[in-house]
Amino acid sequence: MDYIPHYTTLQKAAQRLLACEAVQSLLDETVAMQMGRRKRVPDAAIDSTGLEATCASAYFVRRRKTKDSPWKTVVYQRYPKLSLVSDIRTHFILAFRVGKGPQPDVDEFRGLIDQASKRVRLHRILADAGYDSEPNHQFA
């Protein structure tokens with residue numbers, strides 16, 4: 001590279017790049033290589049996390065003008081969000097979704113499990129309360 005790209009370049013392109021068929025095919029092949037002939041995953045976990053959307057340090061975000069003035073805070077309205085399904089035994093990623101947060105986890109359950117089920121057979125799925133709904137129970 002002749003220059004270092006701006007830190008938001010990949011962030012802005014992630015939705016388009018990671019959702020493309022080539023990346024999904026790459027994950028298909030990676031899972032197939034990792035799993036070999038074994039296609040059953042006894043325990044899988046699903047969860048999501050919000051990622052930092054800036055390169056500003058925590059000190060920069062939370063600072064004050066003088067010793068007696070209140071701390072300044074920045075509230076982020078949007079942030080990058082990563083949702084994963086992984087094999088608990090190996091921590092190997094079986095499915096993923098990138099998006100913007102805040103957004104409820106409950107709506108992502110079906111798509112992530114569908115994506116993982118195309119690669120392996122899931123026996124048991126562990127999820128936190130964010131994915132808890134009767135339609136998700138019936139789907140699982």
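Student: Leaving aside neighbours within four places in sequence, which residues is Val 120 in contact with?

Tutor: Welcome! Keep in mind that this is a predicted model. Val 120 belongs to the residues with the most contacts inside the largest nonpolar core. Once its neighbours within four places in sequence are set aside, the residues in contact with Val 120 are Val 31, Met 35, Lys 39, Val 41 and Leu 94.

Student: How many residues does the largest nonpolar core have?

Tutor: Those with the most contacts inside this core include Val 31, Val 41 and Leu 94. At least two residues of the core come from each of α2, β1, β3 and α4. The count for this largest nonpolar core is 19 residues.

Student: Let me step back a little. In what order do the elements of the protein run from the N terminus on?

Tutor: The protein has five helices and four strands. Reading from the N terminus, the order is α-α-β-α-β-β-α-β-α.

Student: In what order do the four strands stand in the sheet?

Tutor: The sheet is open, and its pairing is mixed. β3 (93-101) and β4 (121-127) each have a single partner strand, so they stand at the edges with one side left without a neighbour in the sheet. On average, neighbouring strands are turned by 20° against each other, direction ignored. Across the sheet, the order is β3-β2-β1-β4.

Student: Do β1 and β4 run parallel or antiparallel, and which residue in β4 stands opposite Ala 45?

Tutor: Strand β1 covers residues 40-50, and six bridges join it to β4. These two strands run parallel. Opposite Ala 45, in β4, stands Leu 126.

Student: On the β2 side, which residue is the bridge partner of Asp 47?

Tutor: β1 and β2 pair over seven bridges, in the antiparallel sense. In β2, the bridge partner of Asp 47 is Leu 84.

Student: How many bridges join β2 to β3?

Tutor: One example of a bridge here is that between Leu 82 and its partner in β3, Val 98. β2 and β3 run antiparallel, and the number of bridges joining them is eight.

Student: Which residue in the turn between β2 and β3 has a positive phi?

Tutor: The two strands form a hairpin, with five residues between them. The positive phi in the turn is about 65°, and the residue that has it is His 91.

Student: Is Pro 80 buried or exposed?

Tutor: Pro 80 lies in strand β2. Its C-alpha is 5.3 Å from that of Leu 51, although the two are 29 residues apart in sequence. The cut-off for buried is under 20% relative accessible area. Because Pro 80 has 18% relative accessibility, it counts as buried.

Student: Which strands does helix α4 lie across?

Tutor: For a start, helix α2 (residues 21-35) lies across β1 and β3, at about 145° to β3. Helix α4 (residues 109-117) runs at about 150° to β3. The strands that α4 lies across are β1, β2, β3 and β4.

Student: How many aromatic pairs does the structure hold, and why is the pair of Phe 109 and Tyr 131 tilted?

Tutor: The structure holds two aromatic pairs. The ring centres of Phe 109 and Tyr 131 are 6.2 Å apart and their planes are at 50°, so this pair is tilted. Phe 109 lies in helix α4 and Tyr 131 in the loop between β4 and α5 (134-139), so the pair ties together parts that are 22 residues apart in sequence. To sum up, the pairs number two, and the angle behind the word tilted is 50°.

Student: What is the angle between the planes of Phe 109 and Phe 139?

Tutor: The centres of these rings are 6.4 Å apart, and the pair is edge-to-face. Phe 109 lies in helix α4 and Phe 139 in helix α5, so the pair ties together parts that are 30 residues apart in sequence. The angle between the planes is 85°.

Student: Which residues form the aromatic cluster?

Tutor: Phe 109 is buried, with a relative accessible area of 5%. Tyr 131 is buried too, whereas Phe 139 counts as partly exposed at 26% relative accessibility. The one cluster is formed by Phe 109, Tyr 131 and Phe 139.

Key: Residues numbered from 1 in each chain as written. Predicted model: local features only at pLDDT ≥ 70, side-chain atom pairs only at ≥ 80, totals over all residues. Heavy atoms only, no water. Pairing = 2+ DSSP bridges. Axes fitted to C-alpha atoms, helices over the stretch in contact; angles between N-to-C directions. Contact = heavy atoms within 4.5 Å. Core = buried A, V, L, I, M, F, W, Y, C linked by side-chain atoms within 4.5 Å. Buried < 20%, exposed > 50% of the residue type's maximum accessible area, 1.4 Å probe, protein only. Phe/Tyr/Trp six-rings, centres within 6.5 Å; stacked < 30°, edge-to-face > 60°.
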